[in-house]
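Here is my note on the model you sent round. Please read it with the structure open.

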Amino acid sequence: MLKVRDISFRYGKKDVLTDVSLDLTTGANLFLGRNGAGKTTLMRVLAGAARPHSGEVHLNGEPFSFTLGSDRRILRRVGWLPQTFGFPPRMKVAEFVAYAAWLKEVPSSLVPERSRAVLELVDLTEKSRQPLNSLSGGQLRRAGLAAALVADPDVLILDEPTAGLDPEQRDAFHELIRQVRQEKIVVVATHLLEDVEALAEHIVVIDHGTVRWTGSPAELVSHGGGESGLGGLRNGFQTMIGQRS
Ligand SMILES: Nc1ncnc2c1ncn2[C@@H]1O[C@H](COP(=O)(O)OP(=O)(O)OP(=O)(O)O)[C@@H](O)[C@H]1O
């Protein structure tokens with residue numbers, strides 16, 4: 001269980017997250033919100049990349065430490081695929097994944113097998129000796145997913161993982177996420193209702209830096225005024241952010 005308690009965060013004087021509290025469990029947890037709602041900022045907090053001004057996060061009872069130089073072992077249990085990530089362009093796919101394993105302090109004897117397994121999972125085995133800058137956008141995203149998974153994290157954080165992908169690549173990504181959500185706390189930020197329909201087990205509606213609503217897809221649809229499917233999800237979401245009565 002990932003427990004988030006009273007997290008607040010601001011950039012300068014601008015409040016971006018205000019008293020966010022959540023319990024996230026095994027399965028796919030979708031953060032749904034408009035542009036600028038605060039999804040990425042909350043994910044950066046959960047990945048240990050941004051230090052909140054107040055509040056706490058616990059994974060299975062152990063508190064996160066956000067202070068650099070302190071014991072951040074617990075954060076190795078978190079894998080993160082940001083919206084965009086930097087990489088040395090000539091680095092080969094397998095080297096990139098092995099480097100991520102090294103950063104997460106995976107014992108070196110386990111790195112070849114773990115790297116092989118995650119590259120197989122994301123279907124990049126044949127590209128493992130290719131430089132990263134030779135990959136398509138979807139392949140690069142899959143390499144990032146392999147890097148996020150190589151230390152076998154308990155929590156997997158994916159920030160808009162399907163943005164910019166064509167429908168076929170999006171379907172492939174959904175399938176991958178469906179595989180890993182069975183045993184991990186998977187957190188996916190999106191504003192695409194297609195992602196919600198394909199993946200969501202738990203939905204967290206975020207607006208103006210606060211949690212507006214949490215529940216299942218069926219519950220969100222039930223707030224959608226009778227429509228089913230994507231239309232029901234859209235109407236339910238609009239109700240939750242006050243755009244529809
Ligand atoms: N580095 C920064 N400095 C100042 N303000 C920022 C910074 N990063 C984000 N913000 C602001 O914080 C707010 C929340 O941004 P955030 O990226 O967390 O939202 P989001 O829900 O992920 O949006 P999107 O769907 O567009 O990615 C926005 O108003 C944004 O302009």
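The points below take up the basis of the model, the ligand shell, the sheet and the annotated domain.

1. This is a predicted model: local features need pLDDT of at least 70, side-chain atom pairs count only at pLDDT 80 or more, and totals for chains, interfaces and linings use all residues. Residues are numbered from 1 along each chain as its sequence is written.

2. The ligand is surrounded by Tyr11, Val16, Gly33, Asn35, Gly36, Ala37, Gly38, Lys39, Thr40, Thr41 and His191. A residue counts here if its C-beta atom, placed from the backbone, lies within 6 Å of the molecule. Helix H1 (residues 39-46) contributes the most to this shell, three residues. Helices are DSSP runs of H or I with at least four residues, strands are E runs of at least two, both numbered from the N terminus.

3. By class, the shell holds seven polar, three nonpolar and one charged residues. Ala, Val, Leu, Ile, Met, Phe, Trp, Tyr, Cys and Pro count as nonpolar, Asp, Glu, Lys and Arg as charged, and the others, Gly among them, as polar.

4. An open sheet of six strands runs in the order E6-E7-E8-E3-E9-E10, with mixed pairing. Two strands pair if DSSP finds at least two bridges between them. E6 (78-81) and E10 (210-215) are the edge strands; each has a single partner, so one side of each lacks a neighbour in the sheet.

5. E6 and strand E7 (residues 155-159) run parallel, joined by four bridges. Gly79 sits opposite Leu156 in E7.

6. The UniProt annotation "domain: ABC transporter", from an unreviewed entry, covers residues 2-233. UniProt positions follow the numbering used here, feature names are shortened, and annotations may be inferred rather than shown by experiment. Over residues 2-233 the chain is 32% helix and 27% strand.
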